[in-house]
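Reader: I'm in my first year and still learning to read models like this one. Could you take a close look at one pocket with me, and show me how its residues lead on to other parts?

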Amino acid sequence: GHYSTPLSAILSFQCRETTEAESSVCLADGTSLSLVASEVSGNALGHITAIGANCIDPRIALKCAKEISNGLGPTSELSLWLCPNSGEKWQSGWVWEQSNQTMLPQEWACLVAHCNAKFVGGCCRTNPRHTRALQSLKEKS
């Protein structure tokens with residue numbers, strides 16, 4: 001069909017920490033996050049407006065943000081998008097790990113806020129308390 005309004009798209013990846021010395025995070029399949037960001041930035045179609053990571057542990061959100069920013073470079077017009085989960089761990093067998101060390105929404109918000117992403121969302125197991133905590137930090141700054 002024909003659209004009268006241009007479409008916008010966010011390209012988002014699932015990422016994990018890596019043990020390689022040259023990079024702290026990578027795509028879930030092991031591909032370099034900064035390399036992918038560089039490729040997308042250099043070949044971005046007009047409808048891609050942001051690149052980022054989704055369903056990531058908030059403890060690695062800043063690492064992801066840095067890798068993406070390094071790959072995009074200072075002249076890229078693409079924005080940063082992050083959508084971390086609640087910080088709980090996914091276990092095989094289709095269950096979330098129950099822990100007494102679950103991250104509080106305020107801790108989640110602090111980690112996410114330090115990433116300076118233009119677009120922020122909450123993925124698995126986040127809830128309105130996470131959104132309120134992030135909004136509260138924004139209002140204080």
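Author: What follows starts at the pocket wall and then follows its residues outward.

A word on the ground rules: this is a predicted model, so local features need pLDDT of at least 70 and side-chain atom pairs count only at pLDDT 80 or more, while totals for chains, interfaces and linings use all residues. Residues are numbered from 1 along each chain as its sequence is written, and side-chain values use heavy atoms, with hydrogens and water left out.

Let's choose the second largest pocket, with a volume of about 190 Å³. A pocket is an open set of points on a 1 Å grid over the protein atoms alone where a 1.4 Å probe fits, with protein on both sides within 12 Å along at least five of seven lines; lining residues have an atom within 4 Å of a point. A volume is the space filled by probe spheres set on the points, which are joined across faces, edges and corners. Among the residues lining this pocket are C15, I56, D57, E88 and K89. By class, the lining has six nonpolar, two polar and four charged residues. Here Ala, Val, Leu, Ile, Met, Phe, Trp, Tyr, Cys and Pro count as nonpolar, Asp, Glu, Lys and Arg as charged, and the others, Gly among them, as polar.

Now follow the charged ones. D57 meets R59 in a salt bridge, at 2.7 Å from N to O. (A salt bridge is a side-chain nitrogen of Lys or Arg within 4 Å of a carboxyl oxygen of Asp or Glu.) D57 counts as buried, at 13% relative accessibility, while R59 is partly exposed at 40%. Buried means under 20% relative accessible area and exposed over 50%, with partly exposed in between, using a 1.4 Å probe and protein chains only.

E88, another lining residue, pairs with R125, their closest N and O atoms being 3.0 Å apart. R125 sits in the loop between β8 and α4, and E88 in the loop between β5 and β6, so this salt bridge ties together parts that are 37 residues apart in sequence. E88 is buried at 13%, whereas R125 is partly exposed at 39%. K89 also has a part to play: salt bridges that share partners join D57, R59 and K89 into one network. In the whole structure, a search finds four salt bridges.

The nonpolar wall residues lead somewhere else. C15 and I56 line the pocket, and both are among the residues with the most contacts inside the largest nonpolar core, which has 23 residues. Such a core is a set of buried Ala, Val, Leu, Ile, Met, Phe, Trp, Tyr and Cys residues joined through side-chain atoms within 4.5 Å. The elements β3, α1, β4, α2 and β5 each supply at least two of its residues, and the largest share, five residues, comes from α2. (Helices are DSSP runs of H or I with at least four residues, strands are runs of E with at least two, and both are numbered from the N terminus.)

I51 is another well-connected member of that core. Leaving aside neighbours within four places in sequence, the residues in contact with I51 (heavy atoms within 4.5 Å) include L11, A37, I68 and W81. A37 lies in helix α1 and is buried, with a relative accessible area of 0%. A37 and L72 are 35 residues apart in sequence and 5.5 Å apart in space, C-alpha to C-alpha.
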